[in-house]
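Ready for a little practice in reading a protein fold? Grab a pencil and work through the exercises below, one step at a time.

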Amino acid sequence: MDLFGNDIVQESIDFIQKSFGNETAFLGFSGGKDSIVTEHLFKMSGVKYELYYSFTGLDAPQVIRFIRKHYPHCNFLMPLRTFWKNLSTHVPPSNRLRWCCGYLKKMPGLKLPHKKRAMGIRAEESSKRSKYGRVNYFEKLDHTHYYPIFHWQEWELWEFIRKQNLSYPILYNQGFDRIGCVVCPYHSEPTGTLHHKYRKRWPKFFDRFEKGISDLFYKRQSQGKEMFYETPQQFLDAWYLNNSARWYAPSIQEKQTEKCLI
Ligand code: SF4
C-alpha cells in the first residue's frame with residue numbers, strides 16, 4: 001500500500017499481465033533496485049520474461065558478480081565494440097553526445113525479436129523521464145516499452161525489497177545511490193564530488209579513461225584539429241565538473257555536434 005492506500009504492487013502486476021498477456025517479455029535488467037523490483041513483479045505476475053543486461057565495460061564489478069550469483073538466468077548483451085575502442089575514435093561522451101548509451105546499452109539488444117519490452121524506469125528519477133509516459137511506442141523499431149513501476153517512489157521500492165526479502169548489491173549500503181557505469185558523464189557536477197567518490201572506489205577505470213582521453217586528444221591534435229583546451233588534463237578537469245565541457249575549438253565542436261544530432 002502507498003501513502004494513499006493504493007495497492008501499487010497489485011496495480012503493477014495487473015499492468016504487466018494486461019500489457020504482456022501470453023507473450024514473452026524482454027525485461028531490461030541493470031542489477032539495481034528498480035530492476036530488482038520489476039523482475040520480482042514479473043515473477044509474481046506469472047508472465048513469461050527473459051532478462052537482459054547490457055554490458056558496457058564500465059560496469060561496477062560488484063554489480064556483475066551480484067547478477068551472476070542471484071540472476072544466473074540473466075542474458076548478457078555484449079557490445080560490438082567496447083567503450084574503450086569507441087573512445088579511441090569518437091569524442092568524449094557528454095550530455096549532448098551520449099554515444100555510449102546508444103552503442104553499448106541500446107544497440108546490442110535491438111536485433112532480438114521481442115516487440116514488447118519492459119524496463120524499471122520511474123517518473124521520480126528525473127523530470128525528463130516523468131514526461132515519457134508509462135507506455136511508449138517507437139515507430140522506427142516497432143517496439144513498445146512498458147514501465148511497470150513508473151509511479152513508484154524510491155521508499156516504496158526499498159519497502160518492497162525489504163518485505164519480499166530480496167537481495168541487492170552491497171554498494172547501496174556503502175553510499176552509492178546509482179550503480180550504473182563507473183565513469184559516466186552523468187556524474188559530472190559543479191563540485192566534482194561524485195566522480196571523486198567513484199574514483200576512490202574504482203581508480204583503475206579512471207586511469208584507463210584518462211589515458212584514453214589523453215591518447216585521443218593528442219591524436220586529434222596531430223590530425224590538425226584545434227582543441228578547446230591546451231592539454232588533456234585541462235579538458236578532464238572541466239569534464240569532471242561539467243559534462244558539456246568543450247572538446248574541440250568552437251567551430252569544429254559545432255560541426256561535430258550537428259553531425260551527431262542528425
Ligand atoms: S557511461 Fe553513462 S552515458 Fe555512457 S553508457 Fe554508461 S550510463 Fe550511458
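**Exercise 1: two domains**

The centres of domain 1 and domain 2, taken over C-alpha atoms, are 28 Å apart. This is a predicted model, where local features need pLDDT of at least 70 and side-chain atom pairs count only at pLDDT 80 or more, while totals for chains, interfaces and linings use all residues. Residues are numbered from 1 along each chain as its sequence is written.

Task: find which residues each domain spans, and how many residues of each are in contact.

Solution. Start with the bounds: domain 1 covers 8–174 and domain 2 covers 185–261 (bounds come from an automatic or database domain assignment). Next, look at the contacts: 13 residues of domain 1 meet 15 residues of domain 2 (contact puts C-beta atoms, placed from the backbone, within 7 Å).

**Exercise 2: the sheet**

Task: work out in what order the strands of the open sheet lie, and which ones are at the edges.

Solution. Step one: the 6 strands lie in the order 3-2-1-4-6-5, with mixed pairing. Strands here are DSSP runs (E, at least two residues), numbered from the N terminus, and two of them pair if DSSP finds at least two bridges between them. Step two: strand 3 (75–77) and strand 5 (135–138) are the edge strands, since each pairs on one side only.

**Exercise 3: one pair of strands**

Task: say how many bridges join strand 4 to strand 6, and what the bridge partner of Ala 118 is.

Solution. Strand 4 (residues 116–118) and strand 6 (residues 143–146) run parallel, joined by 3 bridges. Within strand 6, Tyr 146 is the partner of Ala 118.

Technical notes
Helices (H or I, at least four residues) and strands (E, at least two) are DSSP runs, numbered from the N terminus. Two residues are in contact if their C-beta atoms, placed from the backbone, lie within 7 Å.
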